[in-house]
Every structure is written in structure tokens, then in C-alpha cells.
There are 2 protein chains.
Amino acid sequence: MSKCESCIVREFNSLKSLSREELMRVSACKTGKIFKKGQVIFEEGETLNGVYCVKSGVCKLTKLSENGKDQVVKLVVKGGLLGKRSLVTEQKTNLSAVALNDMEMCFIPKSEIMDDLNKNPKFTMDVLKTMAEDLKESDQSLVSMAQKSVKRRMAEILMYIHDNFGTDDDGYLSIVISREDYASIVGTATESAIRILSQFKKEGIISTKGKQIKIEDYVALKWME
Amino acid sequence: MSKCESCIVREFNSLKSLSREELMRVSACKTGKIFKKGQVIFEEGETLNGVYCVKSGVCKLTKLSENGKDQVVKLVVKGGLLGKRSLVTEQKTNLSAVALNDMEMCFIPKSEIMDDLNKNPKFTMDVLKTMAEDLKESDQSLVSMAQKSVKRRMAEILMYIHDNFGTDDDGYLSIVISREDYASIVGTATESAIRILSQFKKEGIISTKGKQIKIEDYVALKWME
DNA sequence: ACTAAAAGATGACAAATATCATATTTTAAT
DNA sequence: ATTAAAATATGATATTTGTCATCTTTTAGT
């Protein structure tokens, strides 16, 4: 297993603010974990005793609603840190994490990283900034949910995935998820999600190959009422 | 104007983590501000050059949606700190703040408090914890918006206000806001908000006196489908 | 106290979305 | 390669919510 000091993923998250010495200490105690597609990384209400650093793959953070449906709150890819909030507040996690495809992760025990959080102000500030950014995003999503149509939200998530996670060589969105997941992200019934994607396809705004989606007309998504 | 060191409000927010010396320094440079009901404290996109500490009154934090409607993201009362996120990220504010009734606030310039944020780990950790809590709440709201009916959300906001901000001696919710604001909180049309509150009234779940609302049957709200 | 303006209330109708049923296609396991 | 299970697709219909119009009540300013 590679060392944190030389791990490129770290550049994408708060761990970049740790000193060389701190990183070596973290590296020494971290453990590598592999999760298969569909596997649960942790579940709402669990006590986490560390954080996960995503090396490859994608996972969804979800929260169970009282109606029994899961709502996707955030998608996390390479560089993401899972369990930050629980680490900071020392509460049980309020979200579940499920792998959307095969994932490689590093697990860093709480005991080790907690010290850094308390003693390295640069690290703390960086975690704080990330959290502030998460909050901004969450508020933004809240407004979308409250004020925009399902169609508009679907257009936005397609653009979001396109802009943040990119496409493969053929132009297909590099994150491939089920219609059910799309429904769970935009907060609608699976049938409605399917219907809207079908409609986009008919209108030539997207095209599909199996579960893969390619955006054919980004501008149409952008200007969709 | 009273001094921060002896201000009771501070106990409710992160300022409690400042040392006596730091507090005195903050106290020396803070300015008192009064806002009248309806007055804008700051607007989305503004550069804030400090944070506001709420001494009395209530304000709403809102975000403008593309459809032209404001969405209330959070209600802030005594002890709340406005502008935390902007302080941390050094970005323009992503929310607007509007007084819902007459408010007394203290304004603390960024220059002064920024130092503490960088140098007092206890303070930084406290701000971080508050932010983590805000994030949890925001995610929670997101799920409500996405998965629950307008009626259910209305029931929840009534309970939320009851539980978090309390009632006056006659049992009326101590926060008094317009139906339009209720609509903007639950993310619906004003008419729908009015209709639902009327329905609650008919069913004896709430009673009203002018704009004041009293919860008559908390359990009914709790179990509302 | 009077009056204009704002807020609240309600009906009628339109639009968006959910639900249920069922058919088809794709995926994954043997 | 075959087949069962899962995912996708689509129609019919019900439910929820939004919009527009109009009326009544409350609030705030002179």
C-alpha cells in the first residue's frame, strides 16, 4: 500500500495541510479498504471511529426519510473525506455511505487524526473551509429542492455530474448510476426520473448507451425552464 | 453599550471559547447595530467585513432562487452569529439576512476576529462544530424538502419553532411571522401555506390570534402523515 | 378614528408529480 | 448460452400543489 506522503489523492483534501511528520504518522496507522459496488461503507446512526479517504470510485451519502425512501445528499469521489462531520462533532454519523461502483479507500483511525485536528491550526482551518463549502452546497441544494421543478433539478444534476466529475473519452458521464439513484438525488419517484430522462432523449438533449448517459445539448439543459 | 465579557448572549455561541483578553479586544472594536422589522442586514453576494452577533430579535437567512422566490434557509435568534461562513471562506456571502422583527446586534469587524480564528484553536474548533451542526441541519432540511409533503413540512416547522424558540406566557409561538414567510420556509406558494394553516385551524390542531399561532395538538402535528 | 395598503382567506381550475399496472429490455448468475 | 431477476419504459389515473381571481380582515400611517 502506498504512503500518504506520496499519495496524490491527498492534494484534493484537507490532508494536504498536514506536515510531513504528521502525514507519516497518519500513513503508519491507516488501513486500505476495498468496497464493491453497492456495498455499505457505513450506515446512518453508526459510530464512526475514523475517516475514509477516497482513492478511487464513487459513493453516495444518503439519509433515510420517514417515508422510507433514501435521499442522496452528496456524491463523493476521489479525494473526498467521509466522516468529517462525525469526527468534528463526536456524534454518530447522520448519513449513510454506499459505494456506487468499486472503490478503494484508506481508513484513518479517529485517535490518530483527532490530535492533528486539535493541534494543527492549518489543518483545522482547512477542515473548517471544506465544511463551510459543504454547507454552501447543501443550502444551494435545499433551494433547488424547494423551488425548482423535477425536470429542472434533473437538468441540474446532469450538468453537475458533467462539470464536477467529467466524461470518458466518448463523452459519456464518467459517473454511471441507476435511474433509481437519479430519482433519489433529485427527490422524485423512480418512474418520474425515468420519464424525464426518456423525454430528454427524445428531444435529443441526451443520448444513452445502457446506463451510460451523454449530454448532447448542454445549452438546452442550462436554459431549461 | 455593554461589554462582551459580561454579555450573556456570548454563552450561546462560539465567542464563549475566547479568552478574557481576546473578549476585551473584541469588545473594544465591536459596534452596536439596531435593525427594524423587515430591514435587510446584508444581501446575497455582498462582501461582509465582519460577523453579527444577535442580542435580541429574529432574522431569516434566505437565498434567491432562479424563479425569483426567496427560500428561507435558517432562522436565527439570540446568540446566533451571522456571517460565519463568509468569515471562514473569505468569500462573498451566499445568503441574505432580513430582520423579522426589531433586532439588536453587535457587529464585530473581520480584522479583529480573524486573528482569533487563526490563533485560538479552541475558538476555531468551536466554530467548526457549529458549522458541522449547521450542515447536519441543512442536510436534514434537504431531505424534508425532497421527500415530504407540504403539509408535513408545515407541521415540522411549527414543531421546530415551538421546540427551539419556545412560546410566550399564553402558549403562542414566540416567533411571529407572516404566512408568506411560512411559505418561503416550507418551500411552497403563499396560498398553499395559508390553506394548510387554515386547515390545521379547522381541525383544532392550532389556533390563531392575529398573526400569532398556538399549537393546540402537538401530537397531531407529530403524527401527521 | 379613518383609510389605504398589506395580509389573509377561499374558490375554481391548471399543471406537476405520484402511484399503480404492465410490458420490455438489460444485467448478472448459473 | 440460458434464464431469472433487476432495471427501464410507458400508459392510465389519482393526488398534490400552483396559479389566478376575488373577497375579507388586519395592520399601519396620518
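**The interface and the salt bridges of chains A and B**

Reader: How many residue pairs are in polar contact across the interface of chain B and chain A?

Author: The model is a predicted one, and the pairs counted here have both residues at pLDDT 80 or more. Across the interface of chain B and chain A, the number of residue pairs in polar contact is 15.

Reader: Which helix supplies the largest share of the side of chain B that touches chain A?

Author: Five elements of chain B each give at least two residues to that side: β5 (70-76), α2 (84-89), α3 (110-119), α4 (121-147) and α5 (150-165). The largest share is 21 residues, and it comes from α4(B).

Reader: How many residues of each class, nonpolar, polar and charged, does the side of chain B that touches chain A have?

Author: In chain B, 42 residues are in contact with 42 residues of chain A. Sorted by class, the side of chain B that touches chain A has 15 nonpolar, 13 polar and 14 charged residues.

Reader: Which residues of chain B lose the most area to chain A?

Author: The two chains bury about 3,900 Å² between them, and carbon and sulfur atoms carry 64% of that area. Three residues of chain B together account for 16% of what that side buries. The residues that lose the most area to chain A are Leu128(B), Leu142(B) and Gln147(B).

Reader: What is the N to O distance in the salt bridge of Lys148(B) and Glu66(A)?

Author: Between chain B and chain A the count is four salt bridges. In the salt bridge of Lys148(B) and Glu66(A), the side chains meet with an N to O distance of 3.2 Å.

Reader: Where in chain A do Asp181(A) and Lys60(A) lie, and how many residues apart in sequence are the parts that the pair ties together?

Author: Over all chains the count comes to 32 salt bridges, and one of them joins the side chains of Asp181(A) and Lys60(A) at 2.7 Å, N to O. Asp181(A) belongs to helix α6 (residues 179-186) and Lys60(A) to strand β4 (residues 59-64), so the parts they tie together are apart in sequence by 121 residues.

Reader: Is Lys60(A) buried or exposed?

Author: A residue counts as buried under 20% relative accessible area. Its partner Asp181(A) has 12% and is therefore buried. With a relative accessible area of 16%, Lys60(A) is likewise buried.

Reader: How far apart are the closest N and O atoms of Lys148(A) and Glu156(A)?

Author: Lys148(A) and Glu156(A) are both buried. They form a salt bridge, and the distance between their closest N and O atoms is 2.8 Å.

Reader: Which residues do salt bridges that share partners join into one network?

Author: One salt bridge of chain B joins the side chains of Lys151(B) and Glu225(B) at 3.1 Å, N to O. That pair links helix α5 of chain B with the segment after α8 (218-223), 74 residues apart. Elsewhere, salt bridges that share partners make one network of Glu66(A), Lys148(B), Arg152(B) and Glu156(B).

Reader: Is Glu225(B) buried or exposed?

Author: Its partner Lys151(B), at 23% relative accessibility, counts as partly exposed. The cut-off for exposed is over 50%. At 66% relative accessibility, Glu225(B) counts as exposed.

Reader: How many disulfides does a search of the whole structure find over all chains?

Author: A disulfide is a covalent bond between the sulfur atoms of two cysteines. A search of the whole structure finds, over all chains, a number of disulfides equal to zero.

Reader: Which cysteine has the sulfur nearest to that of Cys53(B)?

Author: Cys4(B) is in no disulfide, and the nearest cysteine sulfur to it is 6.0 Å away, in Cys106(B). Cys4(B) counts as buried at 9% relative accessibility, and Cys53(B) counts as buried at 5%. Cys53(B) is in no disulfide either, and the nearest cysteine sulfur, 6.0 Å away, is that of Cys106(B).

Reader: How far apart in space are Gly50(A) and Met114(A), C-alpha to C-alpha?

Author: Gly50(A) is placed in strand β3 (residues 50-56) of chain A and counts as buried at 3% relative accessibility. Beyond four places in sequence, Gly50(A) touches Leu82(A), Phe107(A), Ile108(A), Pro109(A) and Lys110(A). Gly50(A) and Met114(A) are 64 residues apart in sequence, and their C-alpha to C-alpha distance is 8.8 Å.

Reader: Which side chain does a polar contact of 3.1 Å join to that of Asp134(B)?

Author: Asp134(B) is found in helix α4 of chain B and is buried, with a relative accessible area of 14%. Apart from neighbours within four places in sequence, Asp134(B) is in contact with Leu135(A), Lys74(B) and Lys84(B). The polar contact of 3.1 Å joins the side chain of Asp134(B) to that of Lys84(B).

Methods
Residues are numbered from 1 along each chain as its sequence is written. Chains are lettered from A and ligands numbered from 1 in the order in which they are written. This is a predicted model: local features need pLDDT of at least 70, side-chain atom pairs count only at pLDDT 80 or more; totals for chains, interfaces and linings use all residues. Side-chain values use heavy atoms; hydrogens and water are left out. Contact means heavy atoms within 4.5 Å. Buried area is the accessible area (1.4 Å probe) that two parts lose on being put together, summed over both. A polar contact is a pair of N or O atoms within 3.5 Å; within protein, one must be able to donate a hydrogen and the other to accept it, and residues adjacent in sequence count only if both atoms are side-chain atoms. Helices (H or I, at least four residues) and strands (E, at least two) are DSSP runs, numbered from the N terminus. Ala, Val, Leu, Ile, Met, Phe, Trp, Tyr, Cys and Pro count as nonpolar, Asp, Glu, Lys and Arg as charged, and the others, Gly among them, as polar. Buried means under 20% relative accessible area, exposed over 50%, partly exposed in between (1.4 Å probe, protein chains only). A disulfide is a pair of cysteine sulfur atoms within 2.5 Å.
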